Amino acid sequence: MKRYSVFAIAREAMRYHSGWEKAWVSPEPKAKYDVVIVGAGGHGLATAYYLGKNHGIKNIAIIEKGWLGGGNTGRNTTIIRSNYLQDPSAAIYDKALQLYEGLSQDLNYNVMFSPRGVMMLAQTHHEVRGYLRTVHANNLQGVETKWITPEEVKKIVPIMNINGPRYPVLGALYQPRGGTGRHDAVAWGYARACSDMGMHIIQNCEVKGVRSENGTVTGVETTKGFIGCNKLGMVVAGHSGQLAEMAGFRLPIEAVALQAMVSEPIKPALDVVVMANTVHGYMSQSDKGEMVIGGGTDGFNNFTQRGSWHHIEETLRALVETFPMLSRLKMLRQWGGIVDMTGDRSPLISKTPLHNCFINCGWGTGGFKAIPGSGWAMAELVAKGEPGPLAEAFNMWRFKEGQFIDESVAAGVAH
Ligand code: FAD
Ligand code: PYC
């Protein structure tokens with residue numbers, strides 16, 4: 001792989017950009033691989049990358065039914081933060097944030113990580129208590145967050161109405177190290193690095209079945225034929241229940257739509273991320289100037305990748321209350337993704353009842369921020385067959401044993 005650099009840009013500018021290589025190759029599948037990863041979203045690609053980089057396992061196929069990054073990884077609103085409540089969550093989300101801080105250099109691909117600060121508004125007394133508790137927990141965990149007053153909120157975000165008619169701002173949980181990244185670039189950067197290690201990214205190839213012998217996985221049936229493997233990683237977000245069914249077990253998970261939208265571009269007006277869970281809305285401004293906006297999940301299970309009308313109305317109504325200047329903005333685009341929700345709002349990074357078959361899912365509405373940490377932990381699980389310290393608590397049997405990792409207070413959006 002030729003390195004991207006300022007010199008490469010200058011060189012290509014001189015020769016009409018004729019020398020750029022394809023960022024990744026799209027080969028036909030081999031009969032068998034050491035590891036097959038199903039799902040070329042951020043988590044699947046990061047798993048493959050760290051399997052190669054940290055564990056020297058490179059005979060890997062990443063199988064994707066659509067195009068890489070076309071699932072939730074390319075549909076999210078790119079908020080990155082690690083201000084979770086429980087210790088296992090703080091550990092994995094902060095590992096992810098630390099990796100994000102150096103990811104562009106590591107991948108030699110600009111993922112546009114922008115640590116502009118993330119603010120979660122408290123607009124009820126219940127939220128004040130919840131977020132103060134999170135600040136205390138974060139300080140004990142070594143994750144730097146702080147509580148800020150309404151006046152400090154207003155100073156950081158002058159366009160905000162902190163004296164809203166229904167829910168005045170009572171303060172905020174603030175993480176200055178949080179921010180945003182470019183979602184496509186994260187997928188593309190990992191894909192390019194995986195391809196450079198000789199891994200096969202096989203797109204337009206749907207997994208239709210999982211084959212096993214004597215309780216051990218042997219491969220997957222796909223629309224391009226049978227592909228054998230010694231180990232299988234299932235990393236398919238909202239479709240995890242279906243993959244699990246193919247492998248013969250059930251997951252404590254459900255699939256719901258989460259949607260987002262962007263406004264027409266305007267001049268810079270907001271240089272932090274603001275989340276307002278009580279009124280159900282959050283917003284940041286993209287580098288292009290669009291206001292990136294989202295709200296709550298649909299209240300019913302579905303696979304539409306669209307989202308329903310009432311959320312658009314509810315989200316915008318809420319945000320106009322908090323940001324009156326939004327009332328005259330036109331919305332440009334709207335889309336949805338299918339998120340994978342567990343009962344405690346925490347992920348699964350786990351062995352499964354099928355030997356050598358591993359699952360990574362349940363990131364729900366908040367997994368973009370986790371991609372590097374999740375890939376790191378999943379790679380360790382797949383390589384060693386046992387979870388390391390980052391993944392241990394996230395096993396799928398915690399629901400049977402009542403060992404929940406309750407993150408409802410930290411979830412980015414209301415559900
Ligand atoms: P995906 O990116 O969905 O990848 C899974 C892949 O598996 C897909 O490409 C799919 O095509 C493939 N697949 C499925 N079934 C099969 C099959 N049978 N065979 C082969 N391939 C298959 N998180 C944040 O941290 N911050 C945010 O601001 C944020 N905002 C969000 C806003 C929206 C609107 C949405 C929808 C999500 C948001 N999230 C956010 C959540 C985040 O996007 C997800 O948690 C994360 O992207 C999940 O990544 P993934 O790699 O697990 O899944
Ligand atoms: O988890 O921070 C988050 C988030 C924000 C919007 C959707 N998810």
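## Ligand 2 and its contacts

Start with arginine 81: an N or O atom in its side chain sits 2.7 Å from an oxygen atom of ligand 2. Keep in mind that this is a predicted model. Lysine 369 also reaches ligand 2 with its side chain, where an N or O atom lies 2.4 Å from one of the ligand's oxygen atoms. Threonine 365 uses its backbone instead, and a polar atom there is 2.7 Å from a nitrogen atom of ligand 2. On its own, ligand 2 would expose 240 Å², and the protein buries 96% of that.

What surrounds ligand 2? There are 10 residues around it, and the ones that come nearest are Ile79, Arg81, Tyr282, Thr365 and Lys369. Sorted by class, this shell has four nonpolar, four polar and two charged residues.

## Ligand 1 and its contacts

Now for ligand 1, which has 37 residues around it. Glu64, Asn72, Thr73, Thr77 and Lys369 are the closest. Lys369 is a name you've already met, as one of the residues nearest to ligand 2.

Backbone atoms come up again here. A backbone N or O atom of asparagine 72 is 2.8 Å from an oxygen atom of ligand 1. For glycine 367, a polar backbone atom lies 2.9 Å from a ligand oxygen, and for histidine 43 the distance from a polar backbone atom to an oxygen of ligand 1 is 3.0 Å. How much of ligand 1 does the protein bury? Taken alone, ligand 1 exposes 1,000 Å², and 97% of that is buried by the protein.

## Where the shell of ligand 1 comes from

Three elements each give at least two residues to the shell around ligand 1: α2 (42-55), β12 (254-263) and β16 (331-341). Which of them gives the most? That's β12, with three residues.

Both domains take part too. Domain 1 (28-82 + 84-109 + 183-251 + 344-401) and domain 2 (118-177 + 255-342) each contribute at least three residues to this shell. As for the mix, you'll find 15 nonpolar, 17 polar and five charged residues around ligand 1.

## The second largest pocket

There's also a pocket to look at. The second largest one holds about 460 Å³ of space. It's lined by 21 residues, and Thr78, Arg182, His183, Ser286 and Val292 are the closest to its centre.

Strands β14 (281-285) and β16 each supply at least two of the lining residues. You've seen β16 before, as it also gives at least two residues to the shell of ligand 1. Domain 1 and domain 2 each put at least three residues into the lining of this pocket. By class, the lining has four nonpolar, 11 polar and six charged residues.

Technical notes. Residues are numbered from 1 along each chain as its sequence is written. Chains are lettered from A and ligands numbered from 1 in the order in which they are written. This is a predicted model: local features need pLDDT of at least 70, side-chain atom pairs count only at pLDDT 80 or more; totals for chains, interfaces and linings use all residues. Side-chain values use heavy atoms; hydrogens and water are left out. A residue is near a molecule or strand if one of its heavy atoms lies within 4 Å of it. A polar contact is a pair of N or O atoms within 3.5 Å; within protein, one must be able to donate a hydrogen and the other to accept it, and residues adjacent in sequence count only if both atoms are side-chain atoms. Accessible areas come from the Shrake-Rupley method with a 1.4 Å probe; for residues, only the protein chains shown count as cover. Helices (H or I, at least four residues) and strands (E, at least two) are DSSP runs, numbered from the N terminus. Ala, Val, Leu, Ile, Met, Phe, Trp, Tyr, Cys and Pro count as nonpolar, Asp, Glu, Lys and Arg as charged, and the others, Gly among them, as polar. Domain bounds come from an automatic or database domain assignment. On a 1 Å grid over the protein atoms alone, a cavity is a set of points where a 1.4 Å probe fits but cannot get out, and a pocket is an open set with protein on both sides within 12 Å along at least five of seven lines; lining residues have an atom within 4 Å of a point. Grid points are joined across faces, edges and corners, and a volume is the space filled by probe spheres set on the points.
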